[in-house]
Amino acid sequence: MSDAAAKIEKLRNEIRHHEHLYYVLDQPAVSDAEFDALMNELKRLEAAHPELVTPDSPTQRVGGKPAEGFRKVQHSRPMLSLDNAYSQEELADWDRRVHELAGRLSVEYTSELKLDGLSVAIHYQASPEGDAQLSAGLTRGDGQVGEDVTSNIRTIRSVPLSIAAEKLKKLGLPPTIEVRGECVLPEAAFERLNEEREREGLPPAVNPRNAAAGTLRTLEPSIVANRQLVFYAYFLLVNGEYWPQGQTATLDALTDLGFRVNPHRGSMKSVEGMMQFIAKAEEDRATLGYEIDGVVFKVDAQPTQQRLGYTGRAPRWAIAYKFTAQSAVTKLEDIMITVGRSGKLTPTAMLTPVFVGGVTVSRATLHNADFIERKGLLIGDWVKVERGGDVIPKVVEVVHDQDHPRGTHKFEYPKTCPECGNTVVREQGEADWRCVNADCPAKLRESLLHFGSRGVMNIEGLGDAAVAQLLDRGLVKSVADLYALTKQQLIALERFADKSAQTLLDEIERSKKAGLARVLMGLGIRFVGERTAELLAQEFGTIDAIMAASREELERVEEVGPRISEAISDFFARPANRTLIQALKDAGVDMTAERKQRTTQLAGLTFVLTGTLPHLTREEAKARIEAAGGKVSGSVSKKMSYLIAGEEAGSKLDKAQALKIPILDEAGLMEMLAKGKG
């Protein structure tokens, strides 16, 4: 083995070790900066030695997106749903049926939390070295057929890209196995997602389960990687059959193979034991950090499972005990208005404290003025409160009966900003009222917090307490003022000593190199989230080029439509924002990015890709066409210029021939790329 190969393999093993500690065991041993340094060194070495890149390298988690959506794939065996129980009596009835069908076979149950996410099946195939390499990831779909979301599954850090041969051998497993489990979106990641959606002017995701499902079906793996999904494994299949050692042994084996297995599990032989586990799960529910909606009980021994068999839709050897709805009735004491970074006025219900789903709720979201009007809310009303997605409490309806009289007066939405007193406006077609005062202190507070957040400029230490003190002392009046702070100013603040002040200054200094895409996100332009910021940075390369771009030029960027281009143009047309950009430049903040290299030999031509090409993936072919100025469409029409056809081209080839569209193979495309459209 060459020196480069040895160093690369050592780095990969070290990174895999730290990924396992962080994403599976929740026991990080190095800082984010140290981990990033290891990853960047591996990327550098692999770029210098591309022949040494392997599919299971940690650098290969994020790859190309599916060219034409997600193909349908038959499951090795059906992914069945579970029958439900909602009471101790229903659980006892199931236990009785299990014992009757089991006959003389012993019955012991394994209990697990019912994670509320998206069920997936992950397949591993043998590598030349005898390891098991991730080969496919499928959604549950209809239980018989799922969608191939392999490119997105690979981005989930708690999913091993490969399993060492020695681990498999120790358990007597072949390298071709299937692991099933649940993809969940942690509550903290769900809240960050909704903050991002608000920045982009989008409605919030309803709950973590729907957000997890939507994330896994996103056609852009880099977006999936940033959402921080977590995979919990609970089934192991060999040759399409459940591992014969039983459920408890399966969970232990999955842990040994490097998968994340939920630690909240148990064993019992009676309904009383089940109810004790349920009570503990409900008690812990509010503090888990992810959503559950019940508990699953499975007969542990596989011979007993086989004896019990299946109904038409579910195994007889498992059942899901579903928790009762997380809701309560309480009194609406008042409605408070808060002002966000974008100036949006958000109404919040101030409630008589009530216990809902393991936590005391005293506030709940009311969405916007239309929601209050539609529900006919009055101050003093009795309202039903639910924990939406078990994360964000929300008012769902007014309760009006003889025990719950109506409130006394109607809430009047403010016509001026509660923070700065300026007039608020509501643009046509929008549900939200906004403060348009650029100097509104509430907007500045939220802007500073957003600017320093991990997904933007990543200034560690710039939290609520620090920002509040900076504003109270008048030390910052815009995000650019962060770069003029001194150690003496910070030391004068509460909870800041010499070391902590220097650490924050170092973080602020480091953020200068975050790059154009991060700065664009930090500016808080409406509708410009992570994906749009990256596309703009790649297309224009500098902040000056974006500021100078016309709306038509902006709309040539992928995914930028009229509404986004209008928001960008309006932002940079404001003198105060241009002054802010200049102040950031003067502070030394890098606002440049490497532009996508594009040529124009295919400008004006539209291509459709179909079938399997001999050397290029369709994503690689698409990237080359777009880099040469061409466009790639997903459907055949008279407007297209060429069809690029590989093996098993199918109906698109037939339709193109019927329309007399020119047909090229991969060689013809490469020749056109080399010579130009001529």
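These are my notebook entries on cavities, aromatic rings and strands in this structure, which is a predicted model.

**Entry 1: cavities**

I began with the enclosed spaces. I found that the structure holds two cavities of 30 Å³ or more. The largest cavity has a volume of about 70 Å³.

Which residues line the largest cavity? I wrote down Phe235, Leu236, Tyr242, Trp243, Gly246, Gln247, Thr250, Asp300, Gln302, Gln305 and Trp317. Sorted by class, this lining has five nonpolar, five polar and one charged residues. I then looked up where the lining comes from. Strand E9 (230-238), helix H9 (247-256) and helix H11 (302-308) each give at least two residues to it.

**Entry 2: aromatic pairs**

Next came the rings. A pair of aromatic rings is described by the distance of the centres and the angle of the planes. My lookup returned 14 aromatic pairs in the structure, and I picked two to follow up.

My pick from the helix H10 region was Phe277 with Phe297. Their ring centres are 6.5 Å apart and their planes stand at 70°, so I noted the pair as edge-to-face. Phe277 belongs to helix H10 (residues 271-284) and Phe297 to strand E12 (residues 292-299), so this pair ties together parts that are 20 residues apart in sequence. Are these residues buried or exposed? Both Phe277 and Phe297 are buried.

My other pick was Phe451 with Tyr483. This aromatic pair is edge-to-face too, with 6.5 Å from centre to centre and 85° between the planes. Phe451 sits in helix H13 (residues 441-452), while Tyr483 is in the loop between helix H14 (464-472) and helix H15 (487-491), so the pair ties together parts that are 32 residues apart in sequence. I checked burial here as well. Phe451 has a relative accessible area of 0%, so I put it down as buried. Tyr483 has 13%, and because buried means under 20%, Tyr483 is buried.

**Entry 3: a cluster, and charges over rings**

I also came across one aromatic cluster, formed by Tyr234, Phe235, Tyr242, Tyr310 and Trp317. I had met some of these names before: Phe235, Tyr242 and Trp317 are among the residues lining the largest cavity.

Phe235 turned up once more. The charged end of Lys298 sits over the ring of Phe235, 4.1 Å from the ring centre. In another place, the charged end of Lys415 sits over the ring of Trp433, 5.9 Å from its centre.

**Entry 4: an open sheet**

Then I turned to the strands. In what order do the strands of the open sheet of five run? I read E2-E13-E12-E3-E11, with mixed pairing. Strand E2 (84-85) and strand E11 (265-268) are the edge strands, and each of them pairs on one side only.

Inside this sheet, strand E3 (residues 109-115) and E12 pair in the antiparallel sense over seven bridges. Thr110 stands opposite Lys298 in E12. That is the Lys298 whose charged end I found over the ring of Phe235.

**Entry 5: strands E23, E25 and E26**

My last lookup was near the end of my list. Strand E23 (residues 606-610) pairs with strand E25 (residues 642-645) in the parallel sense, over four bridges. Val608 has Leu643 as its bridge partner in E25.

E25 also pairs with strand E26 (residues 663-664), again in the parallel sense, over two bridges. Here the bridge partner of Leu643 is Ile663 in E26. So my notes show Leu643 as a partner of Val608 and of Ile663.

Conventions
Residues numbered from 1 in each chain as written. Predicted model: local features only at pLDDT ≥ 70, side-chain atom pairs only at ≥ 80, totals over all residues. Heavy atoms only, no water. 1 Å grid on protein atoms, 1.4 Å probe; cavity = no way out; pocket = protein on both sides within 12 Å on 5 of 7 lines; lining within 4 Å. Points joined across faces, edges and corners; volume = space filled by probe spheres on them. Nonpolar A, V, L, I, M, F, W, Y, C, P; charged D, E, K, R; others polar. Phe/Tyr/Trp six-rings, centres within 6.5 Å; stacked < 30°, edge-to-face > 60°. Buried < 20%, exposed > 50% of the residue type's maximum accessible area, 1.4 Å probe, protein only. Lys NZ or Arg CZ within 6 Å of the ring centre and 35° of its normal. Pairing = 2+ DSSP bridges.
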